[in-house]
Amino acid sequence: MRVVAFSSQKGGSGKSTLSAHLSVFADAPGKPALLIDTDPQASLAFWHELRAAETPILVKCTAKDLPTVIDEAKAEGIEWVFIDTPPHNAAAIAEAMRAADLIVVPLRPAVFDIAAVAATLDMAKALNKSALPVINAAPAKRILGEPAVVSEARQALAGLDATAWAGQITHRAAFAHALASGQAVHEFEPSSPAAAEMGKLWEAVRSATGAAPAPKRKGRK
Ligand SMILES: Nc1ncnc2c1ncn2[C@@H]1O[C@H](COP(=O)(O)OP(=O)(O)OP(=O)(O)O)[C@@H](O)[C@H]1O
Ligand SMILES: [Mg+2]
């Protein structure tokens, strides 16, 4: 079983967006993924209620109950677990980090997000956990290359001894539209650039957790 936590002390950085999407990528017929919402805002519970499909399985729980929920998932043969965390509760974030094999740290390419990421990366380091910063809601790439704010964010992360995921998740309305209909973007618009970017992130997360590349599935690039 592989457990991925999504953490950042900065509100609105993309934790719920990325965790919902990756849980749908991991979900397979007969092998449901588990998405755990530890945020009292319950964004994912809201999304899941809108969802026509029953999977990924969604469980809402407090950080204190996480170890029990994860033990039960393991006993039931769940292969992928994704934990969404609240932005401002260090104790809950630490509990999720303890349970995780990998911590995805979303950040917008903006100065306040980078400052907040330092604290999240320090927590992961103190718990001896690997962290993958993911630049989210970035301006679109141009023919000439990466937007300046994205390159600057990478440099700032390097100054924190961290290497961001080589790709980026661009700011696209398709993500919000997909979530508002209870879907992931690769279900909502399978051939879109948004779906392709998220698919690449899913590959990177698989690789960072030592999982084999994903089998090709319909609707994926
Ligand atoms: N790549 C993106 N493109 C467009 N909109 C995005 C993108 N990522 C996130 N958003 C939007 O930004 C808002 C915040 O995203 P999200 O809820 O995923 O962040 P969060 O880190 O979970 O926030 P919180 O800290 O409040 O839990 C949402 O309205 C979401 O739809
Ligand atoms: Mg959230």
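**Ligand 1 and the sheet, term by term**

Author: Helix H1 (15-26) and helix H7 (173-180) each give at least two residues to the shell around ligand 1; helices here are DSSP runs of H or I with at least four residues, strands are E runs of at least two, and both are numbered from the N terminus. This is a predicted model, where local features need pLDDT of at least 70, side-chain atom pairs count only at pLDDT 80 or more, and totals for chains, interfaces and linings use all residues. Residues are numbered from 1 along each chain as its sequence is written, with chains lettered from A and ligands numbered from 1 in the order in which they are written.

Reader: What makes a residue part of the shell around ligand 1?

Author: Its C-beta atom, placed from the backbone, has to lie within 6 Å of the molecule. 19 residues surround ligand 1, and the closest are Gly11, Lys15, Ser16, Thr17 and Pro87.

Reader: Why is strand E6 called mostly covered?

Author: A residue is buried if 20 or more other C-beta atoms lie within 10 Å of its own, exposed at 12 or fewer, and partly exposed in between, with C-beta atoms placed from the backbone. In E6 (residues 130-135), 5 of the 6 residues are buried, so "mostly covered" fits.

Reader: How do you know that E5 and E6 pair?

Author: Pairing takes at least two DSSP bridges. Strand E5 (residues 102-107) and E6 have 6 of them, in the parallel sense, so they count as a pair. One example is Leu102, whose bridge partner in E6 is Ser130.
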